[in-house]
Amino acid sequence: MPTGRVLQSTGSWYRVLRDNGETIQCRIPGKFRLKDIRQTNPVAVGDVVDFKMNEDNTGHIEHIHPRTNKITRQATHGRKGEHVLISNIDQGFVVQSLKQPEFKTGFIDRFLLTCEAFDVQAKIILNKIDLGTEDDAPIVAGMMDVYESLGYPVIISSIHDPDSIEGLRAEMKDNVSVFIGPSGTGKTSLLNYIQPGIERPVGEISGFSNKGKHTTTFAELIPLEFGGFLADTPGIREFGLVHFEPAEISLYFREMKSLREECKYYNCTHIHEPGCAVMDAFQEGKIAASRYDSYINMVESVEDEKHSTGSRKRRGK
Ligand SMILES: Nc1nc2c(ncn2[C@@H]2O[C@H](COP(=O)(O)OP(=O)(O)OP(=O)(O)O)[C@@H](O)[C@H]2O)c(=O)[nH]1
Ligand SMILES: [Mg+2]
Ligand SMILES: [Zn+2]
C-alpha cells in the first residue's frame, strides 16, 4: 500500500504527498471519525498515512502511522474536545507581530506550554519589526530576554528585511516546521518570502481593530524547495488549552518545574500558599511578571473549563 504525508485537509478531502512526489486526493472511512471522539479531526495535517488507490486516481486512507508528536488546541465553535493543528513536526514557531496586531505574551506562553507538554521544540518569531520605533527597543529587548533566558530562541523578522528571511530559511532547512499565531501577524507573508513563487493569499489589517481578517482558512504543509516542510495555519485568536489539570500547569513552565519541589505543600498551586518557592522566586524577580500572570491565567481557565464540563455532566444525568 502506498504511504504519504497529509499536506492539507479540507474536511472531506485530504491531499496526500506520496513518497514518489505525486499528490493524491484521499478520503477517510467513516470509522475514523468515531474512533476518538475527543478529537474533532481524526486525520491531521502532518500525519503519515497508508492508503489504497481507487480506479479514478483518488485514494482511500486505511491507516494512520503513530504520531511522533502533535500540537492541539481546544476545539472552537462550542465543540468539545481537541483539534489537532499539526502532527509529526520538528519545531513549532509561534508567530507574533510587534504591532498590527500587537504581540501578546499570554498567547506565546500558552503555545510554549502546549509544546512542553507534547514534546515539540518551540521557537518564537517576532515579525513586523520594521513597524517599531525607538521607543519599542526596550520592549523588544525585554521580551527577548524573558524567553531566551528560558532557552526559547526569539527570531526577529520583517518581510522587508531579506536577511531575516534568509535566517528563517536556515532554521527551517530539512526540518518539518509550523507557523501558529493570531490572524494578521504575517505567517503567510513570511511563507511567501521564504518560498518565492508560492504566492498564497495574504490579508489586510483592519484599520479599526488592528487585527487580521482570517485570510488563511485551512492549514497547509508546504514542501520547501531547499529541503523540509513548513505548515502555514489559519490565525487563531486564543490558544485554548486541552486536557490539562490545574496542578500540571507549573510542570510545563521551565522556570517553575524544579522549584515546585521546594514548596511547603505538595499540592501547592503557587498562587496563595505560604512557603511557596515559586511565589518567592517571583517576588525576588527571578520569574518574569508576564510569565507569572500567564501562569495564573492558565490555571484559572483550566479550572473554569473543569467546572463547566462538570456541571454539563451533572445536568446530563
Ligand atoms: N510592515 C509589515 N507588514 C507585514 C509584515 N508581514 C506581514 N505584513 C502585512 O500583514 C498583513 C497580514 O499578513 P498575512 O500574511 O496575511 O497574515 P497571516 O498571519 O497569514 O494572517 P491569517 O492568514 O489571517 O492568519 C498583510 O497586509 C501583510 O502585508 C512585515 O514584516 N512588516
Ligand atoms: Mg495566513
Ligand atoms: Zn508553590
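## Burial of Glu-220

A residue counts as buried if 20 or more other C-beta atoms lie within 10 Å of its own, and as exposed if 12 or fewer do. In this predicted model, Glu-220 has 21 C-beta neighbours inside 10 Å and therefore counts as buried. Glu-220 lies in strand S12. Leaving out residues up to four places away in sequence, Glu-220 touches Leu-7, Gln-8, Ala-231 and Asp-232. One of these contacts, Asp-232, is also the bridge partner of Glu-220 in S13. The C-alpha atom of Glu-220 is separated by 23 Å from that of Glu-116, which is 104 residues away along the chain.

Glu-225 is placed in the loop between S12 and S13. With 11 other C-beta atoms within 10 Å, Glu-225 is exposed. Its C-alpha atom and that of Pro-66, 159 residues apart along the chain, are separated by 27 Å.

## Overall dimensions

The protein chain contains 7 helices and 13 strands. Its C-alpha trace spans about 70 × 60 × 35 Å along the principal axes. For 317 residues, a compact globule would have a radius of gyration near 20 Å, so the 21 Å of this chain agrees with that expectation.

Of the 317 residues, 36% count as buried. Among contacts between residues at least 6 apart in sequence, 62% join residues at least 24 apart.

## Strand S11 and its partners

Strand S11 covers residues 176–180, and 5 of its 5 residues are buried. In a regular strand the side chains alternate between the two faces of the sheet. Both faces of S11 are covered: one carries Val-176, Val-178 and Ile-180, the other Ser-177 and Phe-179, and all of these residues are buried.

S11 pairs with strand S8 (residues 91–97) in the parallel sense, over 4 bridges. Within that pairing, Phe-93 has Phe-179 of S11 as its bridge partner. S11 also pairs with strand S13 (residues 229–232), again in the parallel sense and over 4 bridges. Here the bridge partner of Val-178 is Ala-231. S13 in turn pairs with S12 in the antiparallel sense, over 4 bridges. S12 and S13 form a hairpin with 5 residues between them, and Gly-227 in the turn has a positive phi of about 110°.

## The nonpolar core

In soluble globular proteins, nonpolar side chains tend to be buried together. The largest nonpolar core of this model has 68 residues, and the members that touch the most others are Ile-86, Val-94, Phe-111, Val-178, Ile-180 and Ala-231. Helix H2 (residues 105–118) supplies the largest share of this core, 6 residues.

Phe-111 is in contact with Val-94, Ala-122, Ile-180 and Phe-239, when neighbours within four places in sequence are left aside. Val-178 and Ile-180 lie on one side of S11, and Ala-231 in S13 is the bridge partner of Val-178.

## Helix H5 and the ligand shell

Ligand 1 is surrounded by 24 residues, the closest being Gly-186, Thr-188, Ser-189, Thr-216 and Gly-235. The shell divides into 5 nonpolar, 15 polar and 4 charged residues. Its largest share, 3 residues, comes from helix H5 (residues 187–194).

H5 is mostly covered, with 7 of its 8 residues buried. The buried residues are Lys-187, Thr-188, Ser-189, Leu-190, Leu-191, Tyr-193 and Ile-194. They pack against strands S8, S9 (121–127), S11, S12 (220–223) and S13, and against helix H4 (162–172). Thr-188 and Ser-189 are thus named twice: among the buried residues of H5 and among the residues closest to ligand 1.

## Backbone features in loops

The peptide bond from Gln-100 to Pro-101 is cis, with omega near -5°. Pro-101 is in the loop between S8 and H2.

Two residues that are not glycines have a positive phi: Asn-88, at about 55°, and Glu-199, at about 45°. Asn-88 is in the loop between strand S7 (82–87) and S8, while Glu-199 is in the loop between H5 and S12. Asn-88 counts as buried because it has 20 C-beta neighbours inside 10 Å. Glu-199 has 10 other C-beta atoms within 10 Å and is therefore exposed.

Definitions and conventions
Residues numbered from 1 in each chain as written. Chains lettered and ligands numbered in written order. Predicted model: local features only at pLDDT ≥ 70, side-chain atom pairs only at ≥ 80, totals over all residues. Near = placed C-beta within 6 Å. Helix = DSSP H or I, 4+ residues; strand = E, 2+ residues; numbered from the N terminus. Nonpolar A, V, L, I, M, F, W, Y, C, P; charged D, E, K, R; others polar. Pairing = 2+ DSSP bridges. Contact = placed C-beta atoms within 7 Å. Core = buried A, V, L, I, M, F, W, Y, C linked by C-beta atoms within 7 Å. Rg over C-alpha atoms; globule rule 2.2 N^0.38 Å.
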